[in-house]
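Visitor: I would like to know how the labels for this model follow from its geometry. Please set each value against its criterion.

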Amino acid sequence: MPPFTVLHVCMGNICRSPMAERLLALAVRERLARREVDPARADELLHSHSAGTGGWHAGEEMNPPASRQVTSRGGSVAGFAARKLRSDHIDAADLVLTATADQQEYVVALRPDAESRTFVLGEFGRLLAGVDAAALPAAEATPDAVYARGVALVEAAHAARLGTTSLPTDDLDDPWGRGDQCFSRVADEIEESVHPLAAVLLP
């Protein structure tokens, strides 16, 4: 059921997955603006949220360097609070994107039936390039159309990865405790996957 729901997962939910959550939401708003559709409608079309495999930081704000990356790129950090991943988060997601292969394994161990819709973020970005977007349902800026196109995209990406394995370079480095330069590089790598995802959903 709409909206198309993307769950981002990392370890503590204060650095990588919050950046991915908010940068994907920003990318969708930017795609809507290009279509001359009110960007405020983004939440009707896609729900981007996140959680961590550990609950150490539950209730905390985004790590300051992560927050700076989001805001400097035009995104919002308003209302963010870290939380621990629960099974119902996975159950409600149409696509689960993890920061690392270890976290992908964690998600699938928790919910084996989510395997076909759970990917390492970098892996999903690579697979997107091989998906025939013309074979997906029609692209329209409506909740039902984005949902149908998103679900079909996830199915196509899963089919494309059968018989392959994720690469070590698909993992996002953990920038926690490191400087702004490291956070900037990780945010760039996140955008390399979330921008193409938004572009396929709303070409």
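Guide: Two strands pair if DSSP finds at least two bridges between them. The model is predicted, and in it four strands form an open sheet with parallel pairing, in the order 2-1-3-4.

Visitor: What makes strand 2 and strand 4 edge strands?

Guide: Strand 2 (46–52) and strand 4 (118–120) each pair on one side only. From one strand to the next, the twist averages 25°.

Visitor: How do you know that strand 1 and strand 2 pair?

Guide: The criterion is at least two bridges. Strand 1 (residues 4–10) is joined to strand 2 by seven bridges, so the criterion is met, and the two run parallel. Within strand 2, alanine 51 is the residue opposite valine 9.

Visitor: How is helix 1 directed relative to strand 2?

Guide: Helix 1 (residues 16–34) lies across strand 1 and strand 2, and its angle to strand 2 is about 175°. Angles over 145 degrees count as roughly antiparallel, so helix 1 is roughly antiparallel to strand 2.

Visitor: Why is helix 6 called oblique to helix 8?

Guide: Helix 6 (residues 121–128) packs against helix 8 (residues 180–201) at about 45°, with the axes 9 Å apart. That angle is neither under 35 degrees, nor 65 to 115, nor over 145, so helix 6 is oblique to helix 8. Their crossing is left-handed.

Visitor: Which residues of helix 6 and helix 8 meet, and how do they divide into nonpolar, polar and charged?

Guide: On helix 6 they include Phe124 and Leu128, and on helix 8 Ile190 and Val194. The contact has eight nonpolar residues, three polar and no charged.

Methods: Residues numbered from 1 in each chain as written. Predicted model: local features only at pLDDT ≥ 70, side-chain atom pairs only at ≥ 80, totals over all residues. Heavy atoms only, no water. Axes fitted to C-alpha atoms, helices over the stretch in contact; angles between N-to-C directions. Left-handed = near helix turned anticlockwise from the far one by under 90°. Contact = heavy atoms within 4.5 Å. Nonpolar A, V, L, I, M, F, W, Y, C, P; charged D, E, K, R; others polar.
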